[in-house]
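Open the model in your viewer and set it to cartoon. Keep side chains ready to switch on. The tour moves from one selection to the next.

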Amino acid sequence: MNIVLIGMRGSGKTTVGRILAQKLGRDLVEMDELITQRAGLSIPETVDKYGWAKFREIEEEITGEVSRMENIINASGGGVITEARNTARLKENGALVWLTAGVDTLLKRTGQDSQRPPLVSGRTQRGDLEMTLAERKALYQRAADLMVDTEGKTPQETAEMVIKLLSKICCLIGDPVEHSLSPLIHNAGYKALGIDYVYIPFRVKEVKKAIEGIRGLGIRGASVTLPHKTSTLKYLDKIDPRAEAIGAVNTIVNDEGVLSGYNTDGEGALKALEEVTAPGGKKAVLIGSGGAASAIAAALKDSGAELVILNRTGDKARELAKKFNAEDGGGLEKLPLITKADILINATSVGMSPKTGQSIVPEELLHSRLTVFDIVYNPRETRLITQAKEKGCAVVYGYKMLLYQAALQFELFTGLKAPIAVMESALTQALEGGENATHIDRR
Ligand SMILES: NC(=O)c1ccc[n+]([C@@H]2O[C@H](COP(=O)([O-])OP(=O)(O)OC[C@H]3O[C@@H](n4cnc5c(N)ncnc54)[C@H](OP(=O)(O)O)[C@@H]3O)[C@@H](O)[C@H]2O)c1
């Protein structure tokens, strides 16, 4: 998990980076220095001898290497964001902080700088800066996760401001994360409340290093997704009893270096279900025995439902039933129990895009007294949901679980009530019309 300082030359990336590295106990990596070492020439010499295209080629190579480093402060090159590929790579495991300043300040700070040649020879320094800033401004804006205006601030003050903003970062850690809807849901909530939080996805291969990053950088919290929900547990300081029972966390909250783990999946599912029916004392059949099913089983048992857990691999269902004191557990041959149930929950991946024509439940087992909850949310109208509606069942959509587990995380991160309507609208719009809709299969 890296902090990547972006901005024009003269914005203070190296000086502020040095202070940040010292304050946060991280290594500072200066991309221009690495480029100089790789080229064996200074940057002006490289550009003179080989041209800007060659310089950008080396820069791309270095960007790849730097984005594979962990927990560094990266003082990036001013033009690195002009290549979308570079920006995407830096963002995979980095929060991009844009240091801004006006042309007069940049000029004053770079007055003595002969290290960087103008992009177009023959321009004055001012003309060069003005032109370059105008060209890049929108790119910096698009790339940045955070922005700090350095005007009138000492480097020390800027660094302190960056550290303050880090404490308002919440993130998603998982692999892959690129099609996740969590940033959209959380950021819509922050925007609606007008709070200066920001939610950033990080592609994390080694969870231990990510946890070190969260603790060391003072990041406020994290959602945890596949494949790290179980492996994260051992690196945390406190585990909520529900998460402990499930054996997995989907949420980390950082209270001044003390990391607590929670699991909001089960409670999120329960909230979704309770919009339609109260499960206490009802007969519920839960199909599935993976991570989501475990979290739902724990929440359902706590709500007082009579629970039967079924799964393709019957032994896993029996094990889960035993763990959560369910009434029964077994293989799919027991599906006819649905005819006597009040609630049916599909917590398997059957029916998920692209295999949307499938349902784990034979249609003839559905009946009108049943509430049917399919936790698959892509597509929204799964085959199971469509057939359940045709049989007159009440239905609960999978996206509601996604929404409520995120809302519970939002409240743990911010201490504020989640603006559900706004978050729901951002989510449903993305599911219905988003360009990623056919790829969405995870949080
Ligand atoms: N709405 C939400 O907020 C939310 C949250 C989490 C997950 N989900 C969705 O829930 C689903 C399960 O997620 P998970 O994290 O629990 O996954 P998981 O741990 O991999 O578990 C997958 C479950 O699906 C069953 N399964 C897979 N393919 C099957 C097939 N062809 N026939 C019968 N059963 C099959 C597995 O049975 P075996 O044990 O026999 O392999 C297992 O019980 C996914 O579609 C996920 O996107 C939704």
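Start with α9 and α17. Show Leu184, Ile185, Ala188, Gly189 and Ala192 in α9. They meet Val422, Met423, Ala426, Leu427 and Ala430 in α17. By class, this contact of α9 with α17 has 9 nonpolar residues, 1 polar and no charged. Bear in mind that the model is predicted.

Now hide the side chains and look at the axes. Helix α17 covers residues 420–433. Its axis and that of α9 come within 8 Å and cross at roughly 140 degrees. The crossing of α9 and α17 is right-handed.

Stay on α9, residues 182–193, and add α16. Which residues of α9 meet α16? Select Ser182, Ile185, His186 and Gly189. Their counterparts in α16 are Leu403, Ala406 and Phe410. The contact of α9 with α16 divides into 4 nonpolar and 3 polar residues, with no charged ones. Ile185 and Gly189 also belong to the α9 residues that meet α17.

Check the geometry of this second pair. The axes of α9 and α16 lie 10 Å apart, at an angle of about 50 degrees. That angle is why α9 counts as oblique to α16. Here too, α9 passes its partner, α16, in a right-handed crossing.

Next, find what α9 lies across. Select β6 (169–174), β7 and β8: α9 lies across these strands. Relative to β7, α9 runs at about 165 degrees.

Widen the selection to the sheet itself. The sheet is open and has 6 strands, in the order β7-β6-β8-β10-β11-β9. Its pairing is mixed. The edges are β7 (198–203) and β9 (238–239). Each has a single partner strand, so one side of each is left without a neighbour in the sheet.

Zoom in on one pairing here. Strand β8 (residues 221–224) runs antiparallel to strand β10 (residues 251–255), and 3 bridges join the two. Pick glycine 221 and look across to β10: the bridge partner is valine 253.

Move on to another sheet. It is an open sheet of 5 strands with parallel pairing, ordered β2-β3-β1-β4-β5. Which strands stand at the edges? They are β2 (27–30) and β5 (146–149), each pairing on one side only. On average, neighbouring strands of this sheet are turned by 25 degrees against each other, direction ignored.

Select β1 (residues 2–6) and β4 (residues 94–100). These strands run parallel, joined by 5 bridges. Isoleucine 3 stands opposite alanine 95 in β4. Then add helix α8, residues 155–166. Helix α8 lies across β4 and β5, running at about 155 degrees to β5.

Last stop: the ligand. Show the 26 residues around it. Which of them come nearest? They are Gly290, Ala292, Arg312, Thr348 and Ser349. Colour the shell by class, and the split is 11 nonpolar, 10 polar and 5 charged residues.

Now colour the shell by element. Helices α13 (291–302) and α16 (398–414) each supply at least two of its residues. The largest share, 4 residues, comes from α16. That leads back to the earlier stop, where Leu403, Ala406 and Phe410 of α16 meet α9.

How values were computed
Residues are numbered from 1 along each chain as its sequence is written. This is a predicted model: local features need pLDDT of at least 70, side-chain atom pairs count only at pLDDT 80 or more; totals for chains, interfaces and linings use all residues. A residue is near a molecule or strand if its C-beta atom, placed from the backbone, lies within 6 Å of it. Ala, Val, Leu, Ile, Met, Phe, Trp, Tyr, Cys and Pro count as nonpolar, Asp, Glu, Lys and Arg as charged, and the others, Gly among them, as polar. Axes are lines fitted to C-alpha atoms, for helices over the stretch in contact, and angles run from 0 to 180 degrees between N-to-C directions. Angles under 35 degrees count as roughly parallel, over 145 as roughly antiparallel, 65 to 115 as roughly perpendicular and the rest as oblique. A crossing is left-handed if the near helix is turned anticlockwise from the far one by less than a right angle, and right-handed if clockwise. Two residues are in contact if their C-beta atoms, placed from the backbone, lie within 7 Å. Two strands pair if DSSP finds at least two bridges between them.
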